[in-house]
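Let's take a walk through this structure together, with an eye on its side chains. Please have the viewer open as you read.

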Amino acid sequence: MLLEKTTRMNFLFDFYQALLTEKQRSYMELYYLDDHSLGEIAESYSISRQAVYDNIRRTEAMLEEYEDKLRLFEKFQQRQQVLKQMTDAIKDGSSTVDEQLALVEQLKESD
């Protein structure tokens, strides 16, 4: 569960980091990408551990809100799934041209 949340936050951060403040980006990078503890981040910024925790939780909520509205990560996952289906269909040769074209149409629709 924790790994899933971390992976999701990393993806959401990748998609929406430009919408965050510099401080939010920095805390999220240190916490999620560089695997620093709350205490380590707090020490390097000379603030309380609680302040770091609160900022990270608010930023996570903002990222989820951006995803709820814009759906960039969801659309990315859908495209990845269709691309895998297309690759598998081409590799194993079990699909018809019409089935492959249907997958291409799904890709077009996901944009």
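What follows looks at aromatic pairs and then at salt bridges. Keep in mind that this is a predicted model.

Let's begin with the rings. A pair of aromatic rings is described by the distance of the centres and the angle of the planes. The model contains 8 aromatic pairs. In one of them, Tyr 16 and Tyr 66 have ring centres 5.9 Å apart and planes at 45°, so this pair is tilted, because an angle that is neither under 30 degrees nor over 60 gets that label. Along the chain these two partners are 50 residues apart, with Tyr 16 in helix α1 (residues 2-16) and Tyr 66 in helix α4 (residues 49-70), and the contact thus links distant parts of the chain. Tyr 16 has a relative accessibility of 1%, so this residue counts as buried.

Now turn to Tyr 31 and Tyr 32, which form an edge-to-face pair with 5.0 Å from centre to centre and 90° between the planes. How exposed or buried are they? Tyr 31 is partly exposed at a relative accessible area of 22%, while Tyr 32, at 11% relative accessibility, counts as buried. The cut-off for buried is under 20%.

To finish with the rings, find the aromatic cluster formed by Phe 11, Phe 15, Tyr 16, Tyr 66, Phe 73 and Phe 76. The tilted pair of Tyr 16 and Tyr 66 belongs to this cluster.

Next come the charged side chains. The structure has 8 salt bridges. In one of them, Glu 22 meets Arg 25 with an N to O distance of 2.9 Å. Both residues sit in helix α2 (residues 22-33), and because they are 3 residues apart, about one helical turn separates them. Glu 22 is exposed, with a relative accessible area of 55%.

Helix α4 offers another example: Arg 57 and Glu 60 lie in this helix, 3 residues apart, or about one turn. Their closest N and O atoms are 2.7 Å apart. Arg 57 is partly exposed at 25% relative accessible area, whereas Glu 60 counts as buried at 6%. Together with Lys 5, these two residues are linked in a network of salt bridges.

Finally, look at helix α5 (residues 72-92), where Lys 84 and Asp 88 are 4 residues apart, about one turn of the helix. Their salt bridge brings the closest N and O atoms to 2.7 Å. Lys 84 is exposed, with a relative accessible area of 51%, and Asp 88 counts as partly exposed at 33%.

Key:
Residues numbered from 1 in each chain as written. Predicted model: local features only at pLDDT ≥ 70, side-chain atom pairs only at ≥ 80, totals over all residues. Heavy atoms only, no water. Phe/Tyr/Trp six-rings, centres within 6.5 Å; stacked < 30°, edge-to-face > 60°. Helix = DSSP H or I, 4+ residues; strand = E, 2+ residues; numbered from the N terminus. Buried < 20%, exposed > 50% of the residue type's maximum accessible area, 1.4 Å probe, protein only. Salt bridge = Lys/Arg side-chain N within 4 Å of Asp/Glu carboxyl O.
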